[in-house]
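Good morning, and thank you for making time for this item. I should like to take you through one structure, element by element.

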Amino acid sequence: MYLHLGQDTIVRKADIIGIYDLDNCSSSHITRDFLAKAERAGRVIGIAEELPKSFVLVTDGGETTVYLSQLSTATLQKRSTAVGFEL
């Protein structure tokens, strides 16, 4: 099964590590450091035309990619559980 993150981006649900609210999580220096390191490593993909509201961690073959989505965590959660997938 797959989850549509916004725009034309779809990821395999089995590869999702977590879905996080950007406003709540970015207040932590640990999260900011992680996102900065991922950005420097070229592993952040911005799929939001507007300001991103959430970020999704996805693993594929041992590499972790961060997707910045304009969709809220609640919307992504509803989309993921609509077909029987629970985080």
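**Serine 80 and helix α3**

I begin with serine 80, which counts as buried because its relative accessibility is 0%. Please bear in mind throughout that what you see is a predicted model. Serine 80 is found in helix α3, residues 73-81. The side chain of serine 80 reaches the backbone oxygen of glutamine 77 at a distance of 2.8 Å. In sequence, serine 80 and leucine 3 are 77 residues apart, whereas in space their C-alpha atoms are 6.1 Å apart.

**Helix α2**

Let me turn to helix α2, which covers residues 29-40. The helix has twelve residues and reaches 16 Å from its first C-alpha to its last, close to the 16 Å expected at 1.5 Å a residue. At the N-terminal end, serine 28 acts as the cap of α2, with a side-chain oxygen 3.2 Å from the backbone nitrogen of isoleucine 30. After the helix comes glycine 42, whose phi is positive, near 75 degrees.

Which residues of α2 are buried? They are Thr31, Leu35 and Ala38. Viewed down the axis of α2, these buried residues fall within an arc of 60 degrees, so they line one face of the helix. On the general point, an α-helix has 3.6 residues a turn, so residues three or four places apart point the same way. The face of α2 turned away from the buried side carries the exposed residues Ile30, Lys37 and Arg40.

What covers the buried residues of α2? The cover includes α1 (22-25), β4 (44-46), β5 (54-60) and β6 (63-69).

Two of the buried residues deserve individual attention. Leucine 35 is buried because its relative accessible area, 17%, is under the 20% cut-off. Leaving aside residues up to four places away in sequence, leucine 35 touches Leu22, Val44, Phe55 and Val66. By contrast with these contacts, glycine 6 is 29 residues from leucine 35 in sequence and 20 Å from it in space, C-alpha to C-alpha. Threonine 31 also counts as buried, with a relative accessibility of 18%. With the same exclusion of residues up to four places away in sequence, threonine 31 touches Cys25 and Phe55.

**The aromatic pair**

Phenylalanine 55 leads to the next topic. The structure holds one aromatic pair. Its members are tyrosine 20 and phenylalanine 55, whose ring centres are 5.2 Å apart and whose planes lie at 25 degrees, so the pair is stacked. The pair links distant parts of the chain, since tyrosine 20 belongs to strand β3 and phenylalanine 55 to strand β5, 35 residues apart. As to accessibility, phenylalanine 55 is buried, with a relative accessible area of 3%, whereas tyrosine 20 is partly exposed at 30%.

**Two nonpolar cores**

I come now to the interior. How many residues make up the largest nonpolar core? There are eleven in all: Leu3, Leu5, Val11, Ile16, Ile19, Ile47, Val56, Val58, Tyr67, Leu71 and Leu76. The elements that give two or more residues to this core are β1 (2-6), β3 and β5. A second, separate core has seven residues, including Leu22, Leu35, Leu57 and Leu68. In soluble globular proteins, nonpolar side chains tend to be buried together.

Within the largest core, valine 11 may serve as an example. Not counting residues up to four places away in sequence, valine 11 touches Met1, Tyr2, Leu3, Leu5, Ile16, Val58 and Tyr67.

**Two loop residues**

Finally, I should like to mention two loops. Aspartate 15 is found in the loop between β2 (9-12) and β3 (16-21). Is aspartate 15 buried or exposed? Aspartate 15 is buried, with a relative accessible area of 14%. Its contacts, again not counting residues up to four places away in sequence, are with Leu57, Val58, Thr59 and Asp60.

Glutamine 7 lies in the loop between β1 and β2. This residue has a positive phi of about 50 degrees although it is not a glycine. Most residues other than glycine have a negative phi. Glutamine 7 is partly exposed, with a relative accessible area of 33%.

That concludes the presentation, and I welcome your comments.

Methods
Residues numbered from 1 in each chain as written. Predicted model: local features only at pLDDT ≥ 70, side-chain atom pairs only at ≥ 80, totals over all residues. Heavy atoms only, no water. Helix = DSSP H or I, 4+ residues; strand = E, 2+ residues; numbered from the N terminus. Buried < 20%, exposed > 50% of the residue type's maximum accessible area, 1.4 Å probe, protein only. Contact = heavy atoms within 4.5 Å. Expected span 1.5 Å × (residues − 1). Arc of directions from axis to C-beta. Polar contact = N/O pair within 3.5 Å; in protein donor to acceptor, adjacent residues only side chain to side chain. Core = buried A, V, L, I, M, F, W, Y, C linked by side-chain atoms within 4.5 Å. Phe/Tyr/Trp six-rings, centres within 6.5 Å; stacked < 30°, edge-to-face > 60°.
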